[in-house]
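Biologist: Please take me through the terms used for this model, and set each value against its definition.

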Amino acid sequence: MTADPHQDIRDAVRALCAQFPDEYFRRIDAARGYPEAFVDALIGAGWLAAMIPEAYGGTGLGLGAASVIMEEINRCGGNAGALHGQMYNMGTLLRHGSEAQKRAYLPQVAAGTLRIQSMAVTEPTTGTDTTKIRTTAVRNGDRYLVNGQKVWISRVQHSDLMILLARTTPLAEVGKRSEGLSIFIVDLREAIGHGLTVRPIPNLVNHETNELFFDNLEIPAANLIGDEGQGFRYLLDGLNAERTLIAAECIGDGYWFVERAVKYASNRVVFDRPIGMNQGVQFPIAEAHIAIEAANLMRYRACELFDAGAPCGAEANMAKYLAAKASWEAANVCLQTYGGFGFATEYDIERKFRETRLYQVAPVSTNMILAYVAEHVLGLPRSF
Ligand SMILES: Cc1cc2nc3c(=O)[nH]c(=O)nc-3n(C[C@H](O)[C@H](O)[C@H](O)COP(=O)(O)OP(=O)(O)OC[C@H]3O[C@@H](n4cnc5c(N)ncnc54)[C@H](O)[C@@H]3O)c2cc1C
């Protein structure tokens, strides 16, 4: 077996995460709080600036290395969902922003003095059908006026900046439905209470997510990223990195569940022997492990292609699909292995079980990945 090229990163992230044991995350979950100290520590150590080029103050690592950081956070019992936006939301700005915008924001994001944790795409009435979003941004001199509504927008209360997708040309006036959408940077510190209202959504996971209401929110025209009307294309450009990073988080969760299940099955004695001696207990754990290992190979394949600048849409989507499914299977097996104790908060299984379930729905649901593979990889007719 070849040595892991990212072992140094693994060791360092693990050492940092070790300062935040299970009790820490359990306490935050019970209080429905936000893991401030954990996020501060990761940002402070520069881990979330991994994908920002050195020229803008980041460490300029590839997707493979960045994905290891995310994997380790979840593998150590944490939840990267509280912070992953800080690693990848700046991608749109990096790829399509002007030099002035990049200089204005990226060094501060890299230093951790600015947080760009939020990205607002989803809307209540349109869901996955993104090109039909109804939030509009209308140019008025050197400002845009934003009106509309978003839903499920995460980490807004723990961010300074938000990437916003809004329609700048009405759907009826564009040749293709993907045209006429634009991306903006919203300074949340100025916007909240001045045209933007944030309403938290209590949910299954302890995940800070919100409804947003835009009522004549003014944003400077200088906050438009790239060309007006090209926002949907810019959004798609960022998806491969995002999907691969989320796949890595799921893989981290999967290993965590398998490690816990193995340990518990080896120690728990029922009918005078460890439950793990029973094939009915050990086979599902072995199966879960196999699925995670397979997903992991696809994750590294996606990273390799991405870091070589090659197309990786199929691999990134398949990695996300396999990893989200594998982590959920592992969660289920782990809970079953623990029996009744799996339901007790003090064992952390039920918390991670809830957390990992999200990834079959967000940021993209499994059906959308299947539709992508059917159409773009297999050449089947478009289904929607
Ligand atoms: C905790 C959480 C955090 C989130 N954070 C963010 C965020 O920060 N920013 C953001 O913009 N969004 C965020 N989202 C939204 C998330 O991306 C969406 O929930 C997800 O993309 C699915 O959209 P929807 O909920 O509107 O489902 P819908 O589009 O209403 O779909 C419902 C179900 O029907 C299926 N479906 C719909 N159409 C088809 C079809 N044609 N073929 C087959 N199946 C179909 C879907 O796969 C899904 O299972 C978050 C969601 C959650 C739950």
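The turns below cover the ligand shell, two backbone features and the helix packing.

Modeller: This is a predicted model, in which local features need pLDDT of at least 70 and side-chain atom pairs count only at pLDDT 80 or more, while totals for chains, interfaces and linings use all residues. Residues are numbered from 1 along each chain as its sequence is written, and side-chain values use heavy atoms, with hydrogens and water left out.

Biologist: Which residues come nearest to the ligand?

Modeller: Thr122, Thr128, Trp152, Ser154 and Ser365, out of 18 residues around the ligand. A residue is counted if one of its heavy atoms lies within 4 Å of the molecule.

Biologist: What makes the approach of Thr122 to a nitrogen atom of the ligand a polar contact?

Modeller: The term needs a pair of N or O atoms within 3.5 Å. An N or O atom in the side chain of Thr122 is 2.7 Å from a nitrogen atom of the ligand, so the pair qualifies. Ser154 also places a polar side-chain atom 2.8 Å from a ligand nitrogen, and Trp152 has a backbone N or O atom at 2.8 Å from a nitrogen of the ligand. The protein buries 64% of the 980 Å² that the ligand exposes when taken alone (Shrake-Rupley areas, 1.4 Å probe).

Biologist: Which element gives the most to the shell around the ligand?

Modeller: Strand E3, with three residues. Strands are DSSP runs of E with at least two residues, and helices are runs of H or I with at least four, numbered from the N terminus. Trp152 is found in E3.

Biologist: What is notable about phi at Trp152?

Modeller: Phi is positive there, about 65°, although Trp152 is not a glycine. Most residues other than glycine have a negative phi, and most peptide bonds are trans. A cis bond joins Ala362 and Pro363, with omega about -5°; Pro363 lies in the loop between helices H13 and H14.

Biologist: Why is H11 called roughly antiparallel to H12?

Modeller: Their axes come within 8 Å and cross at roughly 160°. Angles run from 0 to 180 degrees between N-to-C directions, along lines fitted to C-alpha atoms over the stretch in contact. Under 35 degrees counts as roughly parallel, over 145 as roughly antiparallel, 65 to 115 as roughly perpendicular and the rest as oblique. H11 is therefore roughly antiparallel to H12.

Biologist: How do you know that H10 and H11 are roughly antiparallel?

Modeller: The axes of H10 and H11 cross at roughly 155° and come within 9 Å, so these helices are roughly antiparallel to each other.

Notes. Polar contact = N/O pair within 3.5 Å; in protein donor to acceptor, adjacent residues only side chain to side chain.
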